[in-house]
Amino acid sequence: MIYQHRISGNIRHHECDSRGELKLHCLLDRLQDAAAEHAATLNVGMDELAEMQLIWVLSRLKIQLLRPLTLGEALEVITYPCGIQRIFAHRCYDLRIDGQRVGTGGSFWLPVNIKANRPVAAKKVLPPEIMDLPDVEKFFPDMDKLPDADGGNSAVFKVGAGDIDLNRHLNNAVYTRWIADMLGARYQCDAVRVTEIQLNYLSSGQFGENIILHCQSDDNGNFIISGNKEDDSAVFQAAGKVVL
């Protein structure tokens with residue numbers, strides 16, 4: 001397909017947990033790289049949007065992994081646009097090792113005016129030829145709102161300089177690193193295997209802010225995690241499942 005973009009690379013030591021499996025935040029780094037590279041080839045990348053005083057903001061993301069992704073394996077990330085979903089641009093991910101599918105992902109992206117801090121409908125930015133692509137395989141086109149965590153354990157994370165990305169916000173992948181820390185504390189293990197996760201990004205974290213995470217989970221590995229600023233405004237919500 002002309003609108004596909006592929007990146008690939010072996011899973012390296014620094015990306016792995018104590019089980020030798022790819023850490024979730026390292027997987028998100030790869031997805032973001034693939035999306036950014038592809039947007040640039042479609043002339044809607046960071047530089048092109050900057051000329052319109054816009055940035056791409058990831059609003060929702062869902063990933064499902066069919067098996068662990070382990071040290072040394074060559075992971076191929078195939079990404080492509082899936083048209084418009086309400087006001088969002090829908091982008092999908094097909095994860096493959098040796099040609100076999102090992103996971104899928106879907107994401108909703110929204111252009112935001114950096115001066116007014118207001119969203120802009122994605123259809124005003126995307127080329128017309130990728131507005132409607134009925135023949136592509138679409139993953140997770142219906143990512144709804146998630147509940148807040150009610151009770152459970154909590155922890156405070158401070159946004160440091162190493163957590164900030166090119167848009168001067170808390171990087172999207174950092175949330176999943178914090179989630180792994182919360183789940184490790186909950187299940188008393190130094191590595192957690194997340195098989196499915198949805199993240200809803202609600203507002204941006206800034207350098208120096210404290211983000212309070214609350215984790216609600218059960219003995220079957222189902223979890224809900226929400227993050228709030230000190231003024232109780234919502235930053236993100238997540239829900240998913242781990243293998244214990």
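This passage looks at one helix, the cysteines and the salt bridges of a predicted model.

Helix α3 is a good place to start. The helix runs over residues 172-187, and at 1.5 Å a residue its 16 residues should span 22 Å; the end C-alpha atoms sit 24 Å apart, which agrees. Much of the interest lies in what is tucked away: Asn172, Ala173, Val174, Tyr175, Thr176, Trp178, Ile179, Met182, Leu183, Gly184 and Tyr187 are buried in α3. At the start of the helix, Asn171 offers a side-chain oxygen that comes to within 2.9 Å of the backbone nitrogen of Ala173. Just past the other end, Gln188 adopts a positive phi of about 55°.

Next come the cysteines. The structure has 0 disulfides. Cys189 is unpaired, with the nearest cysteine sulfur, that of Cys215, 11 Å away. Seen from Cys215, the closest cysteine sulfur is the one in Cys189, and 11 Å is too far for a bond, because a disulfide calls for sulfur atoms within 2.5 Å. As for their surroundings, Cys189 counts as partly exposed because its relative accessibility is 30%, whereas Cys215 is buried, at a relative accessible area of 1%.

Charged pairs make up the rest of the picture. Side chains of opposite charge can pair when their charged atoms come close. Here the count comes to 11 salt bridges. One of them brings together Arg6 and Glu76, at 3.1 Å from N to O. Arg6 belongs to strand β1 (residues 5-10) and Glu76 to strand β3 (residues 74-85), so this pair ties together parts 70 residues apart in sequence. Arg6 is partly exposed at 47% relative accessibility, and Glu76 is partly exposed at 22%.

A salt bridge also joins Arg30 to Glu15, whose closest N and O atoms are 2.7 Å apart. Arg30 sits in helix α1 (residues 24-41) and Glu15 in the loop between β1 and α1, so the parts being tied are 15 residues apart in sequence. Both Arg30 and Glu15 are buried.

Helix α3 comes back in with the pair Asp219 and Arg186, where the closest N and O atoms are 3.2 Å apart. This pair links distant parts of the chain, with Asp219 in the loop between β9 (210-217) and β10 (222-229), Arg186 in helix α3, and their positions 33 residues apart. Asp219 is exposed, with a relative accessible area of 63%, while Arg186 is partly exposed at 26% relative accessibility. Finally, Asp94, Arg96, Arg101 and Glu137 are joined into one network by salt bridges that share partners.

Methods. Residues numbered from 1 in each chain as written. Predicted model: local features only at pLDDT ≥ 70, side-chain atom pairs only at ≥ 80, totals over all residues. Heavy atoms only, no water. Helix = DSSP H or I, 4+ residues; strand = E, 2+ residues; numbered from the N terminus. Expected span 1.5 Å × (residues − 1). Buried < 20%, exposed > 50% of the residue type's maximum accessible area, 1.4 Å probe, protein only. Polar contact = N/O pair within 3.5 Å; in protein donor to acceptor, adjacent residues only side chain to side chain. Salt bridge = Lys/Arg side-chain N within 4 Å of Asp/Glu carboxyl O.
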